[in-house]
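Let's take a walk through this one, helix pair by helix pair, with a couple of single residues along the way. Have the viewer open and follow along.

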Amino acid sequence: LLVSKDLGKHLLEVEDLLQKHGLLEADISAQTERVQALNAAALKFSELEGYQPCDPQIICNRVNHVQTCLEELGELAGKRRKQLEDSRQLWAFFQEMEEAEAWIREKEQILAAKTCGRDLSSVLTLTNKHKSMLGELGSRRALLHQTMKRGEQLSAKKRFSPGGIQEKMREVRLRWKKLEEVTGLHQQRLQEALNFFQFSAETDDLVAWLQDTYRIVSSDDFGHDDYSTQALLRKHRAVVEEVEKHRAAVLALRKQLALLAPEHRQGVDVQIRVVEVEQLYGEVAEVAVLRQQWLQDALAVYRMFSEVHACEVWVDEKEQWLERMEVPEELDEVEVVQHRFESLDQEMNSVMGRILDVNQVVQQLVDGGHPSSEEVRSCQDHLNSRWNRVVELVERKKSQLSSVLKIQNYLLEC
């Protein structure tokens, strides 16, 4: 049993042989105690005085022979265990290599069947799974490194055929290298898909924002008075600032597109999408400028109406005063009225400046093609007409005062 050359043909068989060898070693250990007891008892016969049933030398030779045989048996058992343990290491190495190959085949099949997703959500899910696989790959790499190290140690032992060990390690190394290449390629494809779908999502968000902003800047609500129009103009200026902030994002689309993988950036749909975003942004920016001008024009109209109203209130007041006023005949009263007209001249100069400003604003609105040009022009004409009437009344009253003053001065001279 101990000189058998059977060291097993696979790991399970070696484990079975080691188990049997352990039983044999236990039997040898039990027999060793028995032999030692028998040898001790036999040596007592060689020490007897007087009558000796056997020659003491024969007894000693017999004891030494049995002890030598026992020691040789122990050496054979130790040698056999060492061979079996070495065989177990060898077959354990081959089994670990086969497990590594099976794991590599499994991952190769998974990678071959994997897609890169159809949208951003699926790509992110696949990316997380791939990260988990990279963790497994790292752990398996460390285990394989340890197995390869043991293989090199086994190959260095002369009692094993190094050819089979080296060949197996070479095969596994090649398959492992191919797996890492495929894994890296799949990771690259996932990253490219992630970049594309992120680009698409950002583009969709930008389009949605531009469409909402277009609805805002194309509104036909310009307010109904000075206060509401100013509020709309403040809000619109904030929108214009946001539009300007998004200019960089729109301009960056071309650069982002150039960074995508060829299979993604060369697609007709994605190129058309970029052009559509650029065109939509141009329309939003253009309409925003127009709306700001329209709001400013509306504000100018409401302020013009407010100014016209203020001027007309003054005109009403002075017109009524002039129509009711009667030119006095007494000199003292005439001088008082004359002082009033001097104050009136100063007020008229001030109001005249305001009316000129109104006329200038009206001309700008009419030249700019404001939709309320007719209404604005009508308001201007009405104000100018009333202003001219006041001027005529003032001139008439002044003429009457002048005539009275001439008469009074003539009478004084007489």
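Start with how α2 passes α3: the crossing is left-handed. Keep in mind that this is a predicted model. Helix α2 covers residues 56-113 and helix α3 covers residues 120-156, and their axes come within 10 Å, crossing at roughly 155°. An angle over 145 degrees counts as roughly antiparallel, so α2 is roughly antiparallel to α3.

What do the two helices bring to this contact? On the α2 side you'll find, among others, Leu90, Phe93, Met97, Trp103 and Leu111, along with Glu96 and Lys107. On the α3 side, the residues they meet include Met133, Leu137, Leu144 and Leu154, as well as Glu136, Arg140 and Arg150. Sorted by type, the residues of the contact of α2 with α3 come out as eleven nonpolar, four polar and five charged.

Met148 is also one of the α3 residues in that contact, and it gives us a handy stepping stone to Arg170. The two sit 22 residues apart along the chain, with 9.9 Å between their C-alpha atoms. Arg170 belongs to helix α4, residues 162-217. Is Arg170 buried, exposed or partly exposed? Its relative accessibility is 42%, so Arg170 counts as partly exposed. Its side chain also makes a polar contact, at 2.6 Å, with the side chain of Glu167.

Now jump along to His246, which you'll find in the loop between α5 (226-245) and α6. With a relative accessible area of 19%, His246 is buried; the cut-off for that label is under 20%. Which residues does His246 touch, leaving aside its neighbours within four places in sequence? The answer is Leu206, Trp209 and Tyr281.

Tyr281 leads straight to the other helix pair, since it is one of the α8 residues that meet α6. Helix α6 (residues 247-259) and helix α8 (residues 268-324) have axes that come within 10 Å and cross at roughly 165°. That angle makes α6 and α8 roughly antiparallel to each other, and their crossing is left-handed.

From α6, the contact takes in Arg247, Val250, Leu253, Arg254 and Leu257. Facing them in α8 are Val270, Gln271, Val274, Val275, Val277, Glu278 and Tyr281. By type, the residues of this contact divide into eight nonpolar, one polar and three charged.

Methods:
Residues numbered from 1 in each chain as written. Predicted model: local features only at pLDDT ≥ 70, side-chain atom pairs only at ≥ 80, totals over all residues. Heavy atoms only, no water. Helix = DSSP H or I, 4+ residues; strand = E, 2+ residues; numbered from the N terminus. Buried < 20%, exposed > 50% of the residue type's maximum accessible area, 1.4 Å probe, protein only. Polar contact = N/O pair within 3.5 Å; in protein donor to acceptor, adjacent residues only side chain to side chain. Axes fitted to C-alpha atoms, helices over the stretch in contact; angles between N-to-C directions. Parallel < 35°, antiparallel > 145°, perpendicular 65-115°, else oblique. Left-handed = near helix turned anticlockwise from the far one by under 90°. Contact = heavy atoms within 4.5 Å. Nonpolar A, V, L, I, M, F, W, Y, C, P; charged D, E, K, R; others polar.
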